[in-house]
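Student: I should like to learn how to read the local and packing features of a structural model. May we work through one together?

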Amino acid sequence: MFDVVIIGAGFSGLQAAYTAQQAGLSVAVIEARDRVGGKVWSVPLASGRGCVELGAAWINDSLQPRIWAYAERFGLKVVKQRLEGRAVMQENPEARFEFPFGITPDFTPEEKRNLEYIRDHIQAESLKPGLPSVEDDDVSLDQYVRRLGALPQTIKMVNLWAQVMHGVESTEESAAWFIDYCRRNRGLLAIRADDSSGGQYMRFQDGAQSVANRIASLIGESNIHLSSPVVSIQNDKSYVSITTADGRAFTARKCILSIPSTMYRELNISPQLSQPVQAVTNGTVLGDYNKAIVCYDRPWWRDHGFNGYFASYSGPVILARDTSVDERRHFSLTCFVNGERGREWSKLYPHERRAVVLKQIAKIFKADENSEAFRPIEVFDQIWKHERFSRGALAPITKLGHLTRYDSVYGKPVGNLHFVGTEYSPEWKGYMEGALCSGEIGAQEVISAIRKGQAAKL
Ligand SMILES: Cc1cc2nc3c(=O)[nH]c(=O)nc-3n(C[C@H](O)[C@H](O)[C@H](O)COP(=O)(O)OP(=O)(O)OC[C@H]3O[C@@H](n4cnc5c(N)ncnc54)[C@H](O)[C@@H]3O)c2cc1C
């Protein structure tokens, strides 16, 4: 019997296993996929110029201590996000305008004042401690900002935040969930920033998955069972029994479940989770959070003074950034195709998906049809909803009213079953840092429960 079995080898599961192992516990990690990393997935380029990030990419060295400690420990090289040049805002398929990167786009003075008022209001809310109010949990983010007097331009921008940050529309998440997300992640401004004050400051030159691979080596590959989807969990009084799709059984004193809560219902957990736990976890949704990564031989958009960053209300790409690693001659634009736009885009055939993205890039950067914009050297697209063991991204979002109603049970241990995942993190929820933080907390729960049990027997 193991001390603890961890289901899932994403960042939260790996961290939980490593922390438990460091405390002297025996561990087994059971992962459905044939790789570790979960929603962190770095894929090598055929050109040999490094890799692309199909999942998580950005980190911050001063604000995210856990991921940065691994970067330093493993000696991983990083690249800072490029801040120079002009950004582009696309208001509709035909209208676009340029503005200096890093400031509020040049809307009319009234629109700008209104947007900055709403932004500052949410920023102030996001710096308050504790759980947001029940009233704010019962309204959508869209309703919330309309009640504050948001003008049409602001309503569209707030919707863009929801799409970019969570892969949903602002009508689809509660205001409280959005504010809580900002509270856990150092405020709205830190979430949105690409400089040293924010979440999009740096990327790993050789891919974020190298962190997952290195943690897996620390845990010991023989303790990690890949290609082993778990199908059932028997949560008994004194032990847990876990069965995989191919019929293997693992028993342990404790089990840490690290898959997104939206997917708990796919497992046969017995005895069944309590009604409130089922209500909140069955009610969570994962967003349409997709990437199209377009790699070029050279960063042609910089020739014209563009940063590579653009945002769009019309889509299909709702936001893009330059994700080049110049040192490797890797030049790419990473395009997010999220929310409702992503839902539509994911129904297209691959060649159609690619065609609409290239067309939009050309329009944004004023490139003609014979230009380099239409001659990428590699294109990747990743639709996380199509992934059987993710079913969407970024992190599960609770249903309207559920965040506050089920706060006392959501993510709390049930018998010998403990729950981790970026969605439960008090810091950097939705991020790699949050997954590591939650993994640490889950392992600590298990370590103290096991020690308490041992003390009781003596
Ligand atoms: C497109 C995209 C962009 C992102 N950008 C960033 C970013 O720039 N910066 C950042 O910090 N974060 C980013 N994130 C978020 C980040 O990837 C996640 O917060 C983090 O990786 C989640 O880790 P986790 O361990 O909570 O969950 P997961 O990574 O989902 O891990 C769960 C694991 O459980 C496994 N599993 C599922 N079902 C089973 C089963 N039945 N049996 C066994 N195993 C199972 C899965 O295969 C997976 O390995 C991004 C995510 C996406 C998708």
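Tutor: The following turns take up helices, their packing, and some backbone features. This is a predicted model, in which local features need pLDDT of at least 70 and side-chain atom pairs count only at pLDDT 80 or more, while totals for chains, interfaces and linings use all residues. Residues are numbered from 1 along each chain as its sequence is written.

Student: How many residues has helix H6, and what span does it reach?

Tutor: Helices (H or I, at least four residues) and strands (E, at least two) are DSSP runs, numbered from the N terminus. The expected span of a helix is 1.5 Å times one less than its number of residues. Helix H6, residues 152-166, has 15 residues and reaches 21 Å from its first C-alpha to its last, close to the expected 21 Å.

Student: Which residues of H6 are buried?

Tutor: A residue is buried if 20 or more other C-beta atoms lie within 10 Å of its own, exposed if 12 or fewer, and partly exposed in between, with C-beta atoms placed from the backbone. In H6 the buried residues include Met-157, Val-158, Leu-160, Trp-161 and Met-165, and also the polar Thr-154, Asn-159 and Gln-163.

Student: What follows H6?

Tutor: Gly-167 comes after H6, and its phi is positive, near 75°. This glycine is found in the loop between H6 and H7. Gly-167 counts as buried because it has 30 C-beta neighbours inside 10 Å. For contacts, the criterion is that the C-beta atoms of two residues, placed from the backbone, lie within 7 Å. Not counting residues up to four places away in sequence, Gly-167 touches several residues, among them Gly-287, Asp-288, Tyr-289, Asn-338 and Leu-394. The C-alpha atoms of Gly-167 and Phe-336 are separated by 9.2 Å, although these residues are 169 residues apart along the chain.

Student: At what angle do H3 and H6 pack, and how should that angle be classed?

Tutor: Axes are lines fitted to C-alpha atoms, for helices over the stretch in contact, and angles run from 0 to 180 degrees between N-to-C directions. Angles under 35 degrees count as roughly parallel, over 145 as roughly antiparallel, 65 to 115 as roughly perpendicular and the rest as oblique. Helix H3 (residues 109-126) and H6 pack at about 45°, with their axes 8 Å apart. The two helices H3 and H6 are therefore oblique to each other. From H3 the contact involves Glu-111, Asn-114, Leu-115 and Ile-118, and from H6 Gln-153, Thr-154, Met-157 and Val-158. Sorted by class, this contact of H3 with H6 has four nonpolar, three polar and one charged residues. Here Ala, Val, Leu, Ile, Met, Phe, Trp, Tyr, Cys and Pro count as nonpolar, Asp, Glu, Lys and Arg as charged, and the others, Gly among them, as polar.

Student: How do H1 and H9 pack?

Tutor: Helix H1 (residues 11-22) and helix H9 (residues 209-219) pack at an angle of about 30°, and their axes are 10 Å apart. H1 is therefore roughly parallel to H9. Among the contact residues are Phe-11, Leu-14 and Tyr-18 of H1 and Ile-215, Leu-218 and Ile-219 of H9. This contact of H1 with H9 has nine nonpolar, two polar and no charged residues.

Student: Where are the cis peptide bonds before Pro-271 and Pro-316 placed?

Tutor: Most residues other than glycine have a negative phi, and most peptide bonds are trans. A cis bond joins Ser-270 and Pro-271, with omega about -5°, and Pro-271 lies in the loop between strand S14 (268-270) and helix H10 (275-282). Another cis bond joins Gly-315 and Pro-316, with omega about 5°. Pro-316 belongs to the loop between strand S17 (306-312) and strand S18 (319-322).

Student: Are Arg-329 and Trp-428, whose phi values are positive, buried or partly exposed?

Tutor: Arg-329, with phi near 60°, sits in the loop between S18 and strand S19 (331-336). Arg-329 is partly exposed because 14 other C-beta atoms lie within 10 Å. Trp-428 has phi near 50° and is placed in the loop between strand S22 (417-419) and helix H15 (432-457). Trp-428 counts as buried, since it has 27 C-beta neighbours inside 10 Å.
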